[in-house]
Amino acid sequence: MESAKEIKTELFSHHEHIGITAGASTPRYIIEEVKQKMSEINEIMTYYTSTIFDSHTGEVINQYDLFTIPQDEIPEVLLKYSAYLGDDEIVHQMMAEMKPEYLSFTDHGISISFPDGVIGDGSSYMETIHYNHVDDVLYSWAIPNAKEE
């Protein structure tokens, strides 16, 4: 499936458990749209998408707990490495509109996906900020393949 529009309600009427998976390149907003559609079909569901778990306890870790800086500083720090830096208006809109569901942690970096219509001209925007640009604001254990000190 490419979007929530492709979900057919009748396919799920006889199932008690339904799993949703997505690749690292799937924009977070698409996953959120699928979750919303699935919750309309089945009111009681638990979702774990782009979720980070403690490897020792199995408990869910809030993605903002991976950062060593306050939550309100995260958009500015991430976007200072944006490919759109030359366009102050777009970067300003990105900072104002950034939501946790637009962030995904991949093997290579933090992917930021803004859905259609969120940023000024109505286009969608996606980019990945490589960990080497933000390793000073992330705990070393939060970076895949980082060597523990």
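The following paragraphs describe a sheet, a helix beside it and one buried serine in a predicted model.

The sheet is open and consists of three strands in the order β3-β4-β5, with antiparallel pairing. Its edges are formed by β3, residues 103-105, and β5, residues 125-130, each of which pairs on one side only. From one strand to the next, the twist averages 20 degrees. Strand β4 comprises residues 109-114, and three bridges join it to β3 in the antiparallel sense. Within this pairing, Leu103 stands opposite Ile112 of β4.

Helix α3 spans residues 88-97, and its buried residues are Ile90, Val91, Gln93 and Met94. These residues lie on the same side of α3, because the arc they cover around the axis is only 160 degrees. A general property of helices bears on this arrangement: an α-helix has 3.6 residues a turn, so residues three or four places apart point the same way. The other side of α3 carries the exposed residues Asp88, Glu89, His92 and Ala96. The buried residues of the helix pack against α2 (74-79), and also against strands β4 and β5.

Strand β4 also contains Ser113. This serine counts as buried because its relative accessible area is 3%, whereas the cut-off for a buried residue is under 20%. Leaving aside residues up to four places away in sequence, Ser113 touches Pro27, Arg28, Tyr29, Tyr102, Tyr125 and Met126. Two of these contacts, Tyr125 and Met126, fall within the range of β5, residues 125-130.

Key. Residues numbered from 1 in each chain as written. Predicted model: local features only at pLDDT ≥ 70, side-chain atom pairs only at ≥ 80, totals over all residues. Heavy atoms only, no water. Pairing = 2+ DSSP bridges. Helix = DSSP H or I, 4+ residues; strand = E, 2+ residues; numbered from the N terminus. Axes fitted to C-alpha atoms, helices over the stretch in contact; angles between N-to-C directions. Buried < 20%, exposed > 50% of the residue type's maximum accessible area, 1.4 Å probe, protein only. Arc of directions from axis to C-beta. Contact = heavy atoms within 4.5 Å.
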